[in-house]
Amino acid sequence: MTVTTSRPSRAGARPAPAAARRWRPRLPFSAWHLLLAPLAALFAVPLVWLLLSSVMSDAEINRFPPALWPSAIDLGGYRYVLGNAMFPRWLLNSTVVAAAAVASNLVFGALGGYAFARMRFAGSRLLLVLMLATMAVPFQLTMIPTFLVMKKLGLIDTLGALIVPSLVTPFAVFLFRQFFLSLPRELEEAAWIDGCSRLRVLGSIVLPLARPALATVAVLTFLTTWNDLTWPLIAINHDTQYTLQLGLTTFQGQHHTQWSAVMAGNVITVLPVLLAFLLAQKTFIRSITSSGIKG
């Protein structure tokens, strides 16, 4: 008679649980995409509607119920906008104001943020708290004092009235300060031993590591300045000094509105914003608290 005995299992070996032996399908993408994709499509609906409306006629846009798809491509709105003699001037004004605001916030914000992060002087903490407190003050409260200051400077109805109040913002200073605090001091101390000044250290060592902060401040400042309508509406009177946002309001009349032109103008206005985001999205993904030491 043959006796069959089971082989002894290896020491420490445990049978795999039943749940682990089950076959689990693997998605070619992250499971989070199942939630993020519908949300992205939902947020994209206004942009898609804006683009479709820009190639519709005024009759289709004003029709009720509104048309969801243009019956024919009508570029009348684009011809009206681009044929307007003042539109290139408005585009240039917006570009000048946004570029000046971005450049000044990068320079002055980096200088102020580095001073608050690395330099200790009398009243530095109090000054930082007061500066951050101004972020809680709504623009409606500072609108009249700002207008009076610009009037005293003789800048009303000029692009200077739009540039000077935006030269530096508390948010830019605070963001740079927080990023500089995350950088190790050893990098700067090594440069100081070699005889570098603070400005040399800031320009040669700190700022190259601060690309995420630079990109964030640049894009957010560009978006805020490019899309601003309230302050230009108050400070600018002559149409030659209009920005794009202010110029587009002239397409809306009291009795008749060129909706196709409004939509086409908004499409042209949104394009630089989308381009700026696409160029900086890789930098946004990087951690804002990354340091300069690896390994």
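**An all-helical fold in a predicted model**

The protein has 15 helices and 0 strands. The model is a predicted one, and the description below moves from the overall build to individual residues. Of the 295 residues in the protein, 33% are buried. Contacts also reach across the chain: among those between residues at least 6 apart in sequence, 74% join residues at least 24 apart.

Next comes the packing of nonpolar side chains. The largest nonpolar core contains 39 residues, and V81, L162, F222 and F251 have the most contacts inside it. Helix α15 (residues 259–285) supplies the largest share of this core, with 8 residues. A second core, separate from the one just described, has 16 residues, including A110, A172, L175 and F176. F251 gives a helpful close-up of the largest core. Once its neighbours within four places in sequence are set aside, F251 is in contact with Y80, V81, N84, W90, T257, Q258, A261 and V262. One of these partners, V81, is itself listed with F251 among the residues with the most contacts inside the core.

The model also has open space to explore. The volume of the largest pocket is about 900 Å³. Its lining is made up of 28 residues, and those nearest the centre of the pocket are F139, P165, S166, T169 and P170. Two or more lining residues come from each of the elements α5 (87–118), α7 (139–152), α9, α12 (211–226) and α13 (230–235). Among the contributors, α12 provides the largest share of the lining, with 6 residues.

Charged side chains make an interesting story here. How many salt bridges does the count come to? The count comes to 1 salt bridge. The partners are R118 and E188, whose closest N and O atoms are 2.8 Å apart. R118 lies in helix α5 and E188 in helix α10 (residues 185–193), so this pair ties together parts that are 70 residues apart in sequence. Are the two partners buried or exposed? With a relative accessible area of 7%, R118 is buried. E188 counts as buried because its relative accessibility is 2%, and the cut-off for buried is under 20%.

R177 offers a contrasting case. This residue sits in helix α9 (residues 170–182). R177 is buried yet has no salt bridge. The nearest side chain of opposite charge belongs to E188, 13 Å away, and E188 is the residue that forms a salt bridge with R118. Which residues does R177 touch, leaving aside its neighbours within four places in sequence? R177 is in contact with G113, F116, A117 and L128.

The loop between α7 and α8 (160–163) rounds off the tour, and D157 lies in this loop. D157 is not a glycine, although its phi is positive, at about 70°. At 24% relative accessibility, D157 counts as partly exposed. L155 is placed in the loop between α7 and α8 as well. Leaving aside neighbours within four places in sequence, the contacts of L155 are M150, G160, A161 and V164. L155 also shows how the chain brings together distant parts of the sequence: L155 and I236 are 81 residues apart in sequence, and their C-alpha atoms are 9.6 Å apart in space.

Terms used: Residues are numbered from 1 along each chain as its sequence is written. This is a predicted model: local features need pLDDT of at least 70, side-chain atom pairs count only at pLDDT 80 or more; totals for chains, interfaces and linings use all residues. Side-chain values use heavy atoms; hydrogens and water are left out. Helices (H or I, at least four residues) and strands (E, at least two) are DSSP runs, numbered from the N terminus. Buried means under 20% relative accessible area, exposed over 50%, partly exposed in between (1.4 Å probe, protein chains only). Lys and Arg count as positive and Asp and Glu as negative; His and the chain ends are not counted. A salt bridge is a side-chain nitrogen of Lys or Arg within 4 Å of a carboxyl oxygen of Asp or Glu. Contact means heavy atoms within 4.5 Å. A nonpolar core is a set of buried Ala, Val, Leu, Ile, Met, Phe, Trp, Tyr and Cys residues joined through side-chain atoms within 4.5 Å. On a 1 Å grid over the protein atoms alone, a cavity is a set of points where a 1.4 Å probe fits but cannot get out, and a pocket is an open set with protein on both sides within 12 Å along at least five of seven lines; lining residues have an atom within 4 Å of a point. Grid points are joined across faces, edges and corners, and a volume is the space filled by probe spheres set on the points.
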